[in-house]
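Please open the model in a viewer and keep the selection panel at hand. The stops below are given in the order in which they may be selected.

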Protein chains: 2
Amino acid sequence: MIETRFTRAFGLHHPVALAPMAGVTGGRLAGAVARAGGLGLLGGGYGEADWIAREWALAGGAPIGIGFITWRLTASLLAQCLERGPRAVMLSFGDPAPFAAAIQDAGVPLICQCQTLDHARAALDAGAMTLVAQGAEAGGHGQTRGTLSLVPELADLLAARAPETLLLAAGGIADGRGLAASLMLGADGVLVGSRFWAASEALVPPGFHQAALEAGGDATLRSSVPDAVRGLDWPAPFTIRTMASAFTDRWQADPQALRAPAQAATRTAWANAQAAGDAANGTPVAGEAVGLIHDIAPAAGIVARLTAEAMTRLSSSSVQKYPRGERAQPPRGADSPPSAPDHPAPEV
Amino acid sequence: MIETRFTRAFGLHHPVALAPMAGVTGGRLAGAVARAGGLGLLGGGYGEADWIAREWALAGGAPIGIGFITWRLTASLLAQCLERGPRAVMLSFGDPAPFAAAIQDAGVPLICQCQTLDHARAALDAGAMTLVAQGAEAGGHGQTRGTLSLVPELADLLAARAPETLLLAAGGIADGRGLAASLMLGADGVLVGSRFWAASEALVPPGFHQAALEAGGDATLRSSVPDAVRGLDWPAPFTIRTMASAFTDRWQADPQALRAPAQAATRTAWANAQAAGDAANGTPVAGEAVGLIHDIAPAAGIVARLTAEAMTRLSSSSVQKYPRGERAQPPRGADSPPSAPDHPAPEV
């Protein structure tokens, strides 16, 4: 197993959180991840109370949390959800401040997803217990920073300002290599979307799953097409990463045209394609990590595999200490002595 | 030290290559990295033979290589450079096929920089000895894939098709955390740009260095502004990441307007700002890793620090194996047994 500050804080077996994907992360998936020893977060999404109530029940009593799209959350829906005793509440895409006190007063850990340094500062101002550094590789909504540089930069911010705050890496992580890399970057764990989107318990039509298995990681793009076709008013500069399709090819140059009254039939055709799992005429929501996904598997197996692969990587680490004189081919010129590392090792 | 297939193949002390940044990586910088035990690659850039000859001499006989922008390279310039016996030739941004035979006939290792799977396939077709998986975080020209998912996806391609081919990670790597993470992702080493852009030997005006030290990683963007203002015809879909500035704010919505005859004075003002190191009115070329850079230092010290920090991370790895019964708080429900890892551990 891999023990980190994150596993200790939440009593987990694996430093792995399930992304609360709107419409995708239902109760069965969240419950399966929680029972497997990860942090399962129900996809509270756009805040449909009936959907949440139904899916919460399907978790079967597993200790799950819930995630919301902050700019769509209401105080009353949050209060309803807090009554269920969630393991954590995650807020993404918007200012967490208006909701932080209610979450903290309920004794529930607050997780804030951040795409920029300013997001991270706002999350700390709101008293978040855990930050998620989400890179642009991620499926679904996000911004432009890449995971590989955003994670250590937020780790530095936390080290300077709130060293007790936990950090998860998200975006592009689908196997143990990504988990091991995230720990090296200074994260205490990972938040995983696409790999769990491709779990058997995910609320994803089989046609989308099949398309994802056939796709490489180059076959996704960030756009506003899925928001425009749904008539959603996402705040700038958030875009949504989906698989590329005939539909995104057709509309990505002018997505706002999809909002026109004359495009009602187009919008209906898109909605039908989404429901049917028609990847060419829809917009399956998946990230660049889709190129690393080669099976649809039960969530518990995915969680275990992430950790097992990461342990293999971490324990066969490539450090070899040679006494200076022993090399066959010393480079020309003198070496400078290594200076002291700038960054502390992960506290685990 | 960290020994990998890359250090063994090139006889290096450190699994670190210097990005051949056009106009920035001159002979002093390339020579310093080579003497420190990394792979120093002169920035052959747009192929100015006089500049290359002068800078090559400034490396002082260190075993350096050279990198070119492929779509600007000519057979005659390549032949000239091969006569100098470069340690390697790196080709970026374009089809390497027309130049591969000459490089291989000279017995020089061919390194190809790749931003997509198709680039990687073309590099393998051309017989490249090393691939660089460059993510969008990188400063300078590139595309949209993030480093964190591109590296393992190219590692899988190599494992299936050309397991002897080496892989370097690039984009967003400025300290030992990025190096350690890259090794976990399956790379044999890293290619580093921005961190060496901030070396004392880099051909960068002090004003740009100062601006970079004050900037966070959110303060960069990909655009075509610097190409349009220079009248360069970069092929789509390459863009160039620079620090954001008043100049990019003004022109990013319509960079092509900078090519108009009426904008001659604007172009001159930009060129003057570039020469003077006026970051507000120019476009300093740096990547998202700028948020991880807090000093201007000699290149040898940067190389040594990268490895020392990575070793600290790798050797304090967070794997702890607990017997099953020992945990205080086992999660509810049964664990699945971990399946066998899909990916081999790094061969080091």
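Begin with B:Phe93, a residue of this predicted model that counts as buried because its relative accessibility is 9%. In chain B, B:Phe93 belongs to the loop that runs between strand 4 (89-92) and helix 5 (97-105). Display the backbone here: although B:Phe93 is not a glycine, its phi is positive, at about 70°.

Now select A:Phe93 in the other chain. Is A:Phe93 buried or exposed? With a relative accessibility of 10%, A:Phe93 counts as buried, the cut-off for that class being under 20%. The loop between strand 4 (89-92) and helix 5 (97-105) of chain A holds A:Phe93. Its phi is positive as well, about 75°, although A:Phe93 is not a glycine.

**The cis peptide bonds**

Move next to A:Ala236 and A:Pro237, and show the backbone atoms between them. The peptide bond joining A:Ala236 and A:Pro237 is cis, with an omega of about 0°. A:Pro237 sits in the loop that lies between helix 11 (225-230) and strand 11 of chain A.

In chain B, select B:Ala236 and B:Pro237. A cis bond leads from B:Ala236 to B:Pro237, and its omega is near 0°. The loop to display around B:Pro237 is the one between helix 11 (225-230) and strand 11 of chain B.

**Helix 10 in each chain**

Select residues 206-214 of chain A, which form helix 10. Which residues of this helix are buried? They are A:Phe208, A:His209, A:Ala211 and A:Ala212. These residues lie on the same side of helix 10 of chain A because they cover an arc of only 160° around the axis. In an α-helix there are 3.6 residues a turn, so residues three or four places apart point the same way. Rotate the view to the other side of helix 10 of chain A, where A:Pro206 and A:Glu214 are exposed. Then add the partners of the buried residues: in chain A they pack against helix 9 (194-197), strand 11 (239-243) and helix 13 (264-276).

Repeat the selection for residues 206-214 of chain B, again helix 10. Here B:Phe208, B:His209, B:Ala211 and B:Ala212 are buried. Their arc around the axis is only 165°, which puts them on the same side of helix 10 of chain B. B:Pro206 and B:Glu214 are exposed on the other side of this helix. What do the buried residues of helix 10 of chain B pack against? The elements to select are helix 9 (194-197), strand 11 (239-243) and helix 13 (264-276) of chain B.

**A glutamate in contact with both chains**

Select A:Glu153, which lies in helix 7 (residues 147-161) of chain A. A:Glu153 counts as buried because its relative accessibility is 5%. Which residues is A:Glu153 in contact with, leaving aside its neighbours within four places in sequence? From chain A there are A:Leu117 and A:Arg145. From chain B there are B:Gly216, B:Gly217, B:Glu288, B:Gly291 and B:Leu292.

**A cysteine in strand 5**

Turn to B:Cys114, found in strand 5 (residues 110-114) of chain B. A relative accessibility of 0% is the reason why B:Cys114 counts as buried. Beyond residues up to four places away in sequence, B:Cys114 touches B:His119, B:Ala120, B:Ala123, B:Leu131, B:Val132, B:Ala133, B:Gln134, B:Leu150 and B:Leu154. For a distance to display, take the C-alpha atoms of B:Cys114 and B:Gly135: they are 8.7 Å apart in space, and the two residues are 21 residues apart in sequence.

**Chain A as a whole**

Finally, select the whole of chain A, in which there are 14 helices and 11 strands. The radius of gyration of chain A is 21 Å, close to the 20 Å that the globule rule gives for 348 residues, so chain A is as compact as a globular protein of that length. Its C-alpha trace spans about 75 × 45 × 35 Å along the principal axes. Of its 348 residues, 61% count as buried. Among contacts in chain A with a separation of 6 or more, 62% come from residues 24 or more positions apart.

Switch to a surface display of chain A. The accessible surface amounts to about 12,000 Å², and 54% of this belongs to carbon and sulfur atoms. Colouring by charge picks out 25 positive and 30 negative side chains in chain A, and the centres of these two sets lie 3 Å apart.

Notes
Residues are numbered from 1 along each chain as its sequence is written. Chains are lettered from A and ligands numbered from 1 in the order in which they are written. This is a predicted model: local features need pLDDT of at least 70, side-chain atom pairs count only at pLDDT 80 or more; totals for chains, interfaces and linings use all residues. Side-chain values use heavy atoms; hydrogens and water are left out. Buried means under 20% relative accessible area, exposed over 50%, partly exposed in between (1.4 Å probe, protein chains only). Helices (H or I, at least four residues) and strands (E, at least two) are DSSP runs, numbered from the N terminus. The arc is that of the directions from the helix axis to the C-beta atoms. Contact means heavy atoms within 4.5 Å. The radius of gyration is taken over C-alpha atoms; the globule rule is 2.2 Å times the number of residues to the power 0.38. Accessible areas come from the Shrake-Rupley method with a 1.4 Å probe; for residues, only the protein chains shown count as cover. Lys and Arg count as positive and Asp and Glu as negative; His and the chain ends are not counted. The place of a charge is taken as NZ of Lys, CZ of Arg, CG of Asp or CD of Glu.
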